[in-house]
Amino acid sequence: STYSELIELDKKHFLHPTSPIKQQQEKGATFIFDKGEGIYLKDIHGNKVIDGLSSLWNVNIGHGREELGKAAMEQMARLGFSSCFATFSHEPAIRLAAKIAELTPEGLNTIFFTSGGSESNDTAFKLVRHYWKLQGKPEKKKIISRKRSYHGVAMGATSATGLKPFRDFTTSLAPDFYYVESTGAALRSFIESEGAETIAAFISEPIQGTGGVHLPPQNYFKEVREICDEYDILFIADEVITGFGRTGTYFGIEQFGVIPDLMSVAKGITSGYAPLGGVILSEKIHQDLIEKTEGLFMHGYTYSGHPVSCAVALKNIDIIERESLVENSRVMGEEMLKGFKWLQQEHSIVGEVRALGLMGAIEIVKNKQTAQRFDKPISPLIVEESMKYGLIHRGVIYEGADTLIFAPPLVISKEEIHKMINLLDKALTAVEKQLEL
Ligand code: PLP
């Protein structure tokens, strides 16, 4: 059959990203997806599942939006590609750059386009070092990030990632990357021991995603902003997940009342319908680059400002605005958190629950009072059960975590939230039974 043919070809020829490579060889692909609509994905057998993580936290406007297909087709037919290098430009990139300047916090008005989040962060690291070089301070080059952070898999992005398993995948990292605990005091003491004159920037996700949906400690970003100002260190907000409405505001950092010097974006900028990312700069940094760069700005990807991706992004943002999806994310996020709290009452293995907008987590514990974990991670069992009931989400087991994470499309309705919670309830019950609880 076509299905078994696809399974065999997949095993033989397709090395999957971030995959349990042995298990894939033994079991084959669990789903071969074929179609999507709203919060649902359908596989080639017609099985319908809720996409509880918006695929990779990116399908913000939901699946199956024909308008995006039409925008892509029209742009591709008109001008499928042309360069934005040097002094060349085109309308989709210009319009999108201007639109994003309208949406971002005050003063962040210029974007450099990339093809995704990893490239955005690598670009940000090169940019901040270049910036300090132009100020006559080439020794300001260290990049500080947080433990448990995730910033992507390009060489700089991997090196900035605080989650050790991602760094351990390879044997040699980029130099001058350091990781600190998530407190203002830890950041300050690190800066003082290394010397601010050696540090270019601090990078942080407003809410840590891949590490397990961790909200920052109270006042954390206010302290970070103050410390960065005090020591003349640039602050990069990695908004790759939290941008474009995920947390109930347009950008995650807005929740914490501070303005970064640079922001990395990707994912929700096109809701995944085409690859695109960017680094957004403050006016000050942009002006300094203009005034001080001699000759060429020596950084650019072939697909920086791809016209089709930019046209798709413009239509995506149009839909986010027209359907008030940022507001829906906030309201439905509260509904999701209510559901998590109900699950906490119903299930002995549900510990702490948390969410901001449509980005949430459930801790799996053996003992609610002490937050003690099981001897081995339980979340993979729950993820597998959920899948049987028609819900896809992710379990985080890095560095001692045992956490379920959720980030459904921002178009989700109240009824669909309830459905998601009910499926999760069934999966938790089934696993508690397996554990003989
Ligand atoms: N930064 C954050 C916070 C992310 O969550 C991700 C991807 O999950 C990235 C960067 C990397 O983005 P990409 O996979 O598009 O390279």
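**Loop residues, a helix pair and the ligand shell**

L296 is exposed, since 9 other C-beta atoms lie within 10 Å and a residue counts as exposed at 12 or fewer. The model described here is a predicted one. L296 belongs to the loop that joins α11 (283-292) and α12 (307-322). In sequence, L296 and A86 are 210 residues apart, yet their C-alpha atoms are 8.2 Å apart in space.

A further loop residue, V153, is placed between β5 (142-146) and α7 (155-160). V153 has 17 C-beta neighbours inside 10 Å and therefore counts as partly exposed. When residues up to four places away in sequence are left out, V153 touches S118, T158 and F166. V153 is also separated from N121 by 32 residues in sequence and by 9.7 Å in space, C-alpha to C-alpha.

The ligand is surrounded by 14 residues, of which G116, G117, S118, G152 and V240 come nearest. S118 is thus one of the residues nearest the ligand and is also touched by V153. Helix α6 (residues 117-134) supplies the largest share of the shell, with three residues. By class, the shell consists of eight polar, four nonpolar and two charged residues.

Helix packing was examined for α14 (residues 379-389) and α15 (residues 414-434), whose axes come within 8 Å and cross at roughly 130°. Because of this angle, α14 is oblique to α15. The crossing of the two helices is right-handed. On the α14 side, the contact is made by L381, I382, E385, S386 and Y389. The α15 side contributes L423, L424, K426, A427, L428, A430, V431 and Q434. Nine of the residues in the contact of α14 with α15 are nonpolar, two are polar and two are charged.

Two residues other than glycine were found with positive phi values. T18, in the loop between α1 (2-13) and α2 (21-27), has a phi of about 35°. T18 is exposed, because 10 other C-beta atoms lie within 10 Å. For S324, phi is near 45°, and this residue is found in the loop between α12 and α13 (325-346). S324 has 13 C-beta neighbours inside 10 Å and so counts as partly exposed.

Conventions
Residues numbered from 1 in each chain as written. Predicted model: local features only at pLDDT ≥ 70, side-chain atom pairs only at ≥ 80, totals over all residues. Helix = DSSP H or I, 4+ residues; strand = E, 2+ residues; numbered from the N terminus. Buried ≥ 20, exposed ≤ 12 C-beta atoms within 10 Å, placed from the backbone. Contact = placed C-beta atoms within 7 Å. Axes fitted to C-alpha atoms, helices over the stretch in contact; angles between N-to-C directions. Parallel < 35°, antiparallel > 145°, perpendicular 65-115°, else oblique. Left-handed = near helix turned anticlockwise from the far one by under 90°. Nonpolar A, V, L, I, M, F, W, Y, C, P; charged D, E, K, R; others polar. Near = placed C-beta within 6 Å.
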